[in-house]
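Please open the model in the viewer and keep the sequence panel visible. The tour below proceeds by selection, with a short account of what each one contains.

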Amino acid sequence: MMGMVRAVLATAFVLGSGAGGAAAQEHVFKLHHFLGAEATVQKHMLEPWARQVEENSGGQVRIEIYPSMTLGGRPPELVTQARDGVVDLIWTLNGYTPGVFPRTEVMELPFVYLNDPGAANLALADMYADHLAEDYRGLEPMFLHVHAGQAIQTVSEEVRLPQDLPGMKMRIPTRTGAWVIEALGAQPVSMPVPDLPLALSKGVVDGAFIPFEIIPTLKIQDQTQFQIEGADGIRFGTSVFQVSMNKARWDSLPPDVQQAFRDASGRDWLVEIGRVWKQAELDGIKAATDAGNIHVTLTPEETEAFREKLAPVIDRWVAEVTPLGIDGAGLVTQARDLVAKYSKETQAE
């Protein structure tokens, strides 16, 4: 598979480097990801970011975006593609490679992340150097971010309390998501998100643990009837994503080119993409309700029932990472404190 990816990349390079092509000093990067070109991630995050890097570099950088795994491979292979230098840059979901980014999983946990992606993005940035960097050996993250959080979306069952879920099969994005579903008595089913529509239509799963923003992209409104979230938009955890470069490629770049990437990936950008994902969430739920689906917002009491039921998930994660020499309890406390701090700041803006 990797040989095929290298061949595709070589062909792409030749096609883009003929007569009249890039000047010798131009640095060309291939950015590979698993969603389509019309998805929120490409149109409203990756494309604006790439163009900002190019502008910052004064024409020294060109970033070519390859959606839908068009350079080959499957979504879980993206991390390896970047680490091995098969591609220059990736956007991917950390959870597609379970256990590879254990420290960063702290932000995925239920009721650590609540409902503010911008605050979570800033918290991840604060924690990175001292607590998360070891997860990213062989990579140079440009930035880490979350989406708006895991809602519960079901084909035919209205869920209002934990006892409504036992016996259901639910698609999950990460191993921590699997632990959430197990704690609720349901059966987790792991799959890349592009596979979800068929799985819903064929009855492979009864629902999904996934945000609303993906609804228009995958037409989830056609396969589900209920979209469910907690009081005040509280979610049942989130997923962490990364835009990362091959470390050797990064180290080879001159300082001014590195700075072009850094300047495009700073704290203002982390807050902005939090807004992007929140707006995409509103667009997603509108697509569902316009199609006649039912948007369920749990009461505070119903939400508290989920909080109590899911508390053991955090204990399970702490027990999982402690043998790795990771202070899981300390990371949970720090993540919660930072999320609370930055939620106040982002809401005040």
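Helices and strands are here DSSP runs, of at least four residues for a helix and at least two for a strand, numbered from the N terminus. The model is a predicted one.

**First selection: S239 and its surroundings**

Select S239, in the loop that runs between β9 (226-229) and β10 (240-246). Is this residue buried or exposed? S239 has a relative accessibility of 1% and therefore counts as buried, the cut-off being under 20%. Now display the side chains of S239 and Q150, which are joined by a polar contact of 2.7 Å. Beyond its neighbours within four places in sequence, S239 is in contact with L93, E108, H145, V146, H147, Q150, P173 and T174.

**Second selection: two residues with positive phi**

Remain in the loop between β9 and β10 and select D232. Its phi is near 60°, a positive value in a residue other than glycine. D232 counts as exposed because its relative accessibility is 65%, the threshold being over 50%.

Next, select F111, in the loop between β3 (89-93) and α4 (117-132). F111 is not a glycine, yet has a positive phi of about 65°. At 6% relative accessibility, F111 counts as buried.

**Third selection: the open sheet**

Select the 6 strands that form an open sheet in the order β7-β6-β8-β5-β9-β11, with mixed pairing. Which strands stand at the edges? They are β7 (187-190) and β11 (294-297); each has a single partner strand, so one side of each is left without a neighbour in the sheet. From one strand to the next, the twist averages 25°.

Within the sheet, isolate β5 (residues 151-154) and β8 (residues 207-210), which run antiparallel and are joined by 4 bridges. One residue to label is A151, whose bridge partner in β8 is I210.

**Fourth selection: helix α11**

Select residues 300-321, the 22 residues of helix α11. From first C-alpha to last, α11 reaches 31 Å, close to the 32 Å expected at 1.5 Å a residue. Centre the view on K309, where α11 has a kink of about 35°, shortly before the proline P312. The buried residues of α11 include F306, L310, V313, W317 and V321.

**Final selection: R175**

Move to R175, in helix α5 (residues 175-183). Its relative accessible area of 19% places R175 among the buried residues, because the limit is under 20%. Setting aside neighbours within four places in sequence, R175 is in contact with P98, G99, P102, E105 and E320.

Note on methods:
Residues are numbered from 1 along each chain as its sequence is written. This is a predicted model: local features need pLDDT of at least 70, side-chain atom pairs count only at pLDDT 80 or more; totals for chains, interfaces and linings use all residues. Side-chain values use heavy atoms; hydrogens and water are left out. The expected span of a helix is 1.5 Å times one less than its number of residues. The bend at a residue is the angle between axes fitted to the seven residues ending there and the seven starting there. Buried means under 20% relative accessible area, exposed over 50%, partly exposed in between (1.4 Å probe, protein chains only). Contact means heavy atoms within 4.5 Å. Two strands pair if DSSP finds at least two bridges between them. Axes are lines fitted to C-alpha atoms, for helices over the stretch in contact, and angles run from 0 to 180 degrees between N-to-C directions. A polar contact is a pair of N or O atoms within 3.5 Å; within protein, one must be able to donate a hydrogen and the other to accept it, and residues adjacent in sequence count only if both atoms are side-chain atoms.
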